[in-house]
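Q: Please take a close look at one part of this structure, beginning with a single residue and following its surroundings outward. I would like one connected account, with the chain as a whole kept for the end.

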Amino acid sequence: MNPQWQAFLQQSTKPSESIQNLASVNAISDQSDRVIVQINGRDAKKFLQGQLTCSLDDVCSTQSQLGGYSTLKGRLIAIFQILIWQDSYLVILPAEICTHFTETLKKYAVFSKVNINLADS
């Protein structure tokens, strides 16, 4: 863990207090191991709804959704947060699975009008 981040966390409240309050307040967490995949285009919602485990009807500008991506056999490939920002869906997932996730999605995206790219960091 980044030493500056660790020092910040140690200066914060006691861990037990932090855990109890997470459900009702905003929290800060280290996301340096995450990347953002941006998906947009005319068919983005329809395409993603057919590929992901979450309901995109529950995703809006103020509410993200936890979701998953599975193989055709039902094996889970990725767990992520998805949200809408401007005209794009943003999928936040671990960097280590990003390449496999995007390559697999792009195989099926050729049949839809969608763009799949890594978001600028």
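**Around a buried leucine**

A: In this predicted model, L93 has a relative accessibility of 0% and therefore counts as buried, the cut-off for that class being under 20%. The residue belongs to strand β4, which spans residues 88-94. Once the neighbours within four places in sequence are set aside, L93 is in contact with D33, R34, V35 and V37, with A78, I79 and F80, and with C98 and F101. One of these partners, F80, stands 13 residues away along the chain, yet its C-alpha atom is separated from that of L93 by 4.8 Å.

Two of the contacts of L93, F80 and F101, lead on to the aromatic residues. The structure holds two aromatic pairs. In one of them, the ring centres of Y69 and F101 are 5.4 Å apart and the planes meet at 85°, so the arrangement is edge-to-face. Because Y69 sits in strand β2 (residues 65-70) and F101 in helix α4 (residues 95-109), this pair ties together parts that are 32 residues apart in sequence. Y69 and F101 are both buried. The other pair joins F80 and F101, with 5.9 Å from centre to centre and 50° between the planes, an arrangement classed as tilted. Here F80 comes from strand β3 and F101 from helix α4, so the pair ties together parts that are 21 residues apart in sequence. Both F80 and F101 are buried, and together Y69, F80 and F101 form one aromatic cluster. L93 is in contact with two members of that cluster, F80 and F101.

Helix α4 also carries T102, which counts as buried because its relative accessibility is 12%, under the 20% cut-off. Apart from its neighbours within four places in sequence, T102 is in contact with V37 and I116. V37 is also among the residues that L93 contacts, so that V37 is a partner of both L93 and T102.

What does the loop that leads into strand β4 look like? Between β3 (76-85) and β4 (88-94) lies a loop that contains Q86, and Q86 has a positive phi of about 55° although it is not a glycine. Most residues other than glycine have a negative phi. With a relative accessible area of 66%, Q86 is exposed, whereas L93, in strand β4, is buried at 0%.

Elsewhere, a nonpolar patch of about 270 Å² on the surface is made by F8, L9 and I28. Among its members, L9 is placed in helix α1 (residues 3-11) and counts as partly exposed because its relative accessibility is 33%.

As for the setting of these details, the chain contains four helices and five strands, arranged along the sequence as α-α-β-α-β-β-β-α-β. Of the 121 residues in the chain, 26% are buried, among them L93 and T102. Residues 24 or more positions apart account for 53% of the contacts in the chain with a separation of 6 or more. The chain exposes about 8,700 Å², of which carbon and sulfur atoms supply 51%.

Key
Residues are numbered from 1 along each chain as its sequence is written. This is a predicted model: local features need pLDDT of at least 70, side-chain atom pairs count only at pLDDT 80 or more; totals for chains, interfaces and linings use all residues. Side-chain values use heavy atoms; hydrogens and water are left out. Helices (H or I, at least four residues) and strands (E, at least two) are DSSP runs, numbered from the N terminus. Buried means under 20% relative accessible area, exposed over 50%, partly exposed in between (1.4 Å probe, protein chains only). Contact means heavy atoms within 4.5 Å. Patches are made of residues with over 30% relative accessible area and no salt bridge: like charges are joined within 9 Å, nonpolar side chains (Val, Leu, Ile, Met, Phe, Trp, Tyr) within 5 Å. Accessible areas come from the Shrake-Rupley method with a 1.4 Å probe; for residues, only the protein chains shown count as cover. A salt bridge is a side-chain nitrogen of Lys or Arg within 4 Å of a carboxyl oxygen of Asp or Glu. Rings of Phe, Tyr and Trp (its six-membered ring) pair if their centres lie within 6.5 Å; planes under 30 degrees apart count as stacked, over 60 as edge-to-face and the rest as tilted.
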